[in-house]
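Here are a few exercises to work through with the model open beside you. Try each task on your own, then follow the solution step by step.

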Amino acid sequence: MTATEHPDRTTQSTRGGHEVRVLVAYASRFGSTWGVAERVAARLRTGGNHVDVRPADQVGDASAYDAVVLGSAVFNQRWLPDADQFVKRNLDALATRPVWLFSVGTFGDRKRLIGPLMKREPKGIRELEQAIRPRDYRVFAGVIDRYRWPFVSRLFYHALGGRLGDNRDWWEIDRWTDEIGCALQLASKRLEAR
């Protein structure tokens, strides 16, 4: 079987193992999601993976990668159009390889009262999960810039327990990325054993 025929293909790494090619694609409106994508990519690279981090609208074909991490900002309770279009263009590729999804929303999914509701925030995410069966889906809190929100919205947000500023939980993002890295390492070892 050639490398192009195998959906979990890898290349030989200079470290002696197999290097997994990972795409970290993102759709960001003001830069918060881009920052999370960059952090995920940098951490996955430390595990010996070949990682490309690119805006979702600049990726034509995801089938060149062994695994995909895809994230989008949530705006008006939806993923950004660039992320949705990426999924439509690459549905077959995403359904046949390991995929991890993340959203960057107002609260994230770890806030005690509102967090569980926010995990379901993006409309259409359940259909996406059914279509591509991701290994995991997470919602991370983002950056809330007071000047981008009307006064009444800021009051409501504050009443629900939110705070303005950079709410990204880097420790939680790193922990999630490490879980992805472990899964990629196991896949690489299985291929190496063949």
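## Exercise 1: the cores

The largest nonpolar core has 25 residues, and those touching the most other members are Leu23, Val68, Leu70, Trp79, Phe86 and Leu101. A quick note before the tasks: this is a predicted model, where local features need pLDDT of at least 70, side-chain atom pairs count only at pLDDT 80 or more, and totals for chains, interfaces and linings use all residues. Residues are numbered from 1 along each chain as its sequence is written, and side-chain values use heavy atoms, with hydrogens and water left out.

**Task.** Which elements give two or more residues to this core?

**Solution.** Start with the terms. A nonpolar core is a set of buried Ala, Val, Leu, Ile, Met, Phe, Trp, Tyr and Cys residues joined through side-chain atoms within 4.5 Å. Buried means under 20% relative accessible area, exposed over 50%, and partly exposed in between (1.4 Å probe, protein chains only). Helices (H or I, at least four residues) and strands (E, at least two) are DSSP runs, numbered from the N terminus.

Now go through the elements: the strands are S3 (21-27), S5, S7 (99-105) and S8 (136-141), and the helices are H2 (81-89), H3 (91-95) and H5 (125-132). S5 gives the most, with four residues. Then look for a second, separate core: it has 21 residues, among them Val20, Val24, Ala67 and Leu184.

Finish with one core member, Leu101. Skipping neighbours within four places in sequence, Leu101 has contacts (heavy atoms within 4.5 Å) that include Leu70, Trp79, Leu128 and Trp176.

## Exercise 2: two sides of a helix

**Task.** Why do the buried residues of H5 line one face of the helix?

**Solution.** First, pick them out: Ile125, Leu128, Glu129 and Ile132 are the buried residues of H5. Next, look down the axis of H5: its buried residues fall within an arc of 100° (taken from the directions from the helix axis to the C-beta atoms), so they line one face. As background, an α-helix has 3.6 residues a turn, so residues three or four places apart point the same way.

Then check what is on either side. The buried residues of H5 pack against S6, H2, H3, S7 and S8, while the face turned away carries the exposed residues Glu127 and Gln130. Just past the end of H5, Arg133 takes a positive phi of about 50°.

## Exercise 3: rings together

**Task.** Which residues form one aromatic cluster?

**Solution.** Rings of Phe, Tyr and Trp (its six-membered ring) pair if their centres lie within 6.5 Å; planes under 30 degrees apart count as stacked, over 60 as edge-to-face and the rest as tilted. The structure holds three such pairs. Take Phe102 and Phe140: their centres are 6.2 Å apart and their planes at 55°, so this pair is tilted. Phe102 is in S7 and Phe140 in S8, 38 residues apart.

Move on to Phe140 and Trp176, an edge-to-face pair at 5.5 Å centre to centre with 70° between the planes. Trp176 sits in helix H7 (residues 170-193), 36 residues from Phe140. Put the pairs together, and Phe102, Phe140 and Trp176 form one cluster.

## Exercise 4: a loop

**Task.** Where is Asn76, and is Asn76 buried or exposed?

**Solution.** Asn76 lies in the loop between strand S5 (67-75) and strand S6 (78-79). Its relative accessible area is 62%, so Asn76 is exposed. Gln77, in that loop too, is partly exposed at 44%.
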